[in-house]
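Student: Please take me through some ring contacts and one loop position in this model.

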Amino acid sequence: MRIAVTGSIATDHLMTFPGRFADQLVADQLHTVSLSFLVDRLDVRRGGVGANVAFGMGQLGTAPILVGAAGSDFGDYRAWLDRHGVDTASVHISGTQHTARFVCTTDADHNQIGSFYAGAMSEARLIELKTVADRVGGLDLVLIGADDPEAMLRHTEECRTRSIPFAADFSQQIARMNGDEIRILLDGATYLFSNEYEKGLIETKTGWTDAEILARVGHRVTTLGARGVRIERSGQDPVEVGVPEETAKVDPTGVGDAFRAGFLSGLVWGVSLERAAQVGCMLATLVIETLGTQEYELHRSHFMDRFTKAYGEEAAADFQHHLV
């Protein structure tokens, strides 16, 4: 099963200022602010929804095809993804813009000043999925992840036109999308991913009830935070899966992307929806225990031990031969 993962590719530049922003601001001079903060820490993290999901699938050995846009500065990031089992040959490289970047400074009170540069991400709309499908011998599923909004719409319409099954996953972009756009992006999806809050927002913006949305998608996959995940299909009982016990809660960033990576890998292996969700929850647990979205390490024996403890030996036996 060949899965293409479309979505943003970005790097995060995270800096720490040891003082307080409030101490540097003069109330009657805010209209002429000109400040420079001497920071004492810089962390550069690889990220982006598409890249995070593809990295997780690569770690599980399911050979995802990453589809997105990056700049000429993508070389080191590409090498990292290639080393971790991701097919990056379909990443569009901009001739004029840098890879998308989030630059953020955090002060001692955890206040933040940040900027997001979309850059090359805006060129994702130029990518044609047919070219990707022709290169790899066809696509069985396309994840439409958070990306340039126009690219998301174009990828969805192309999937419908070419009868390629797709999964709708708006995540961060749902806040800027209107009801008409969301209706277009989810109608006919084989899978609809969201967290619990996004689920309500989708229903509010589209004006469709939960039942009406279920009638328009094959499966509705809703992550529930510490309560796990629920998978719903019209006319059938929901599948609910809990989460493994974590050793620490270090950083929740990228947890949803990791779940999707595990779940999609389960689809590649052909296991049940319950098992796929369990794999997703296990991978998400590794991410929440780690600082950074792609900094975790996946060791087969450790993963299987944790999975067996959480879900039992029968569940582990259903997919352990797939994990490499």
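Tutor: A charge sits over a ring if NZ of Lys or CZ of Arg is within 6 Å of the ring centre and within 35 degrees of the ring normal. This is a predicted model, in which local features need pLDDT of at least 70, side-chain atom pairs count only at pLDDT 80 or more, and totals for chains, interfaces and linings use all residues. Residues are numbered from 1 along each chain as its sequence is written, and side-chain values use heavy atoms, with hydrogens and water left out.

Student: Over the face of which residue does Arg183 lie?

Tutor: The charge criterion applies to Arg through its CZ atom. For Arg183 the distance from the ring centre is 5.9 Å, and the ring belongs to Trp208.

Student: What is the angle between the planes of Phe21 and Phe37?

Tutor: Rings of Phe, Tyr and Trp (its six-membered ring) pair if their centres lie within 6.5 Å; planes under 30 degrees apart count as stacked, over 60 as edge-to-face and the rest as tilted. The search of the whole structure finds 15 aromatic pairs. Among them is Phe21 with Phe37, a tilted pair at 4.9 Å centre to centre, with an angle between the planes of 55°.

Student: Is Phe21 buried or exposed?

Tutor: Buried means under 20% relative accessible area, exposed over 50%, and partly exposed in between (1.4 Å probe, protein chains only). Phe37 has 23% and is partly exposed. Phe21 has a relative accessible area of 6%, so Phe21 is buried.

Student: Which residues is Ala248 in contact with, leaving aside neighbours within four places in sequence?

Tutor: Ala248 is partly exposed, at 31% relative accessibility. Contact means heavy atoms within 4.5 Å. With those neighbours left aside, the contacts of Ala248 are Ile288 and Glu289.
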